[in-house]
Amino acid sequence: MYPIGKRMFEGCTALESIKIPSTVHDIREKAFYNCQSLKSVELPDRVMFRERAFYNVLLDEITFGSEVSIDGLGLKSSAFVGMSIRIS
């Protein structure tokens, strides 16, 4: 199991979509901070989000895995701060 490191893709303008593989178990702080071109994210079944993992990202689509949970169980409430998302 591998993490996506803290601020790993910060400010990346080339990243438009990403499918995070099941080998990733942890998306660390601000991993996708200010990735303005990122529009689509597909997440694995089990993943933990650290604070502000997708801070200031304008996603059109996000696909959650089957076992995503809130706060202490995996999904920090601040993981998506500053993010605009359309849910359908």
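This is a short guided tour of the structure in your viewer, one selection at a time. Keep in mind as you go that the model is predicted.

**Stop 1: the sheet 1-3-5**

Start by selecting residues 2-4, 24-27 and 48-49, which are strand 1, strand 3 and strand 5. Together these three strands make an open sheet in the order 1-3-5, and the pairing is parallel. Strand 1 and strand 5 are the edges: each has a single partner strand, so one side of each has no neighbour in the sheet. As a bit of background, strands of a sheet pair through backbone hydrogen bonds, and they can do so in a parallel or an antiparallel way.

Now look at the pairings one by one. Strand 1 is joined to strand 3 by three bridges, and the two run parallel. Click on P3 and then on D26 in strand 3, its bridge partner. On the other pairing, strand 3 and strand 5 also run parallel, joined by two bridges. Here you can select I27 and find F49 of strand 5 standing opposite.

**Stop 2: D26 and its surroundings**

Stay in strand 3 and select D26, which has its place there. Is D26 buried or exposed? With a relative accessibility of 3%, D26 counts as buried, because the cut-off for buried is under 20%.

Next, show what surrounds this residue. If you leave aside neighbours within four places in sequence, D26 is in contact with Y2, P3, I4, V47, M48 and R50. Among these, P3 is a residue you have already met as the bridge partner of D26.

**Stop 3: a network of charges**

Keep D26 selected and add R28 and R50. Side chains of opposite charge can pair when their charged atoms come close. D26 and R28 form a salt bridge, with 3.1 Å between the closest N and O atoms. The side chains of these two residues are also joined by a polar contact of 3.1 Å. D26 meets R50 in a salt bridge as well, at 3.0 Å from N to O. Because D26 lies in strand 3 and R50 in the loop between strand 5 and strand 6 (58-59), this pair ties together parts that are 24 residues apart in sequence.

Put together, D26, R28 and R50 are linked in a network of salt bridges. Turn on the surface to look at the two arginines. R28 is partly exposed, with a relative accessible area of 32%, and R50 is partly exposed too, at 30%.

How many salt bridges are there in the count? The count comes to three. To find another of them, select R7 and E10, whose closest N and O atoms are 3.2 Å apart. E10 is partly exposed at 36% relative accessibility, and R7 is partly exposed at 35%.

**Stop 4: the sheet 2-4-7**

Now clear your selection and pick residues 17-19, 40-42 and 61-63, which are strand 2, strand 4 and strand 7. These three strands form an open sheet in the order 2-4-7, with parallel pairing. Strand 2 and strand 7 are its edge strands, and each pairs on one side only. From one strand to the next, the twist averages 0°.

Focus on strand 4 and strand 7, which pair in the parallel sense over three bridges. To see where they face each other, select E42 and look for T63 in strand 7, which stands opposite.

**Stop 5: two cysteines**

For the last stop, select C12 and C35 and display their sulfur atoms. A disulfide is a covalent bond between the sulfur atoms of two cysteines. How many disulfides does the structure hold? The number of disulfides is zero. C12 is in no disulfide, and the nearest cysteine sulfur is that of C35, 5.4 Å away. Why is there no bond here? The 5.4 Å between the sulfur of C35 and that of C12 is too far for one, because a disulfide needs the two sulfur atoms within 2.5 Å.

Compare the surroundings of the pair before you finish. C12 counts as partly exposed, at 23% relative accessibility, whereas C35 is buried, with a relative accessible area of 0%.

Notes
Residues are numbered from 1 along each chain as its sequence is written. This is a predicted model: local features need pLDDT of at least 70, side-chain atom pairs count only at pLDDT 80 or more; totals for chains, interfaces and linings use all residues. Side-chain values use heavy atoms; hydrogens and water are left out. Two strands pair if DSSP finds at least two bridges between them. Helices (H or I, at least four residues) and strands (E, at least two) are DSSP runs, numbered from the N terminus. Buried means under 20% relative accessible area, exposed over 50%, partly exposed in between (1.4 Å probe, protein chains only). A polar contact is a pair of N or O atoms within 3.5 Å; within protein, one must be able to donate a hydrogen and the other to accept it, and residues adjacent in sequence count only if both atoms are side-chain atoms. Contact means heavy atoms within 4.5 Å. Axes are lines fitted to C-alpha atoms, for helices over the stretch in contact, and angles run from 0 to 180 degrees between N-to-C directions. A salt bridge is a side-chain nitrogen of Lys or Arg within 4 Å of a carboxyl oxygen of Asp or Glu.
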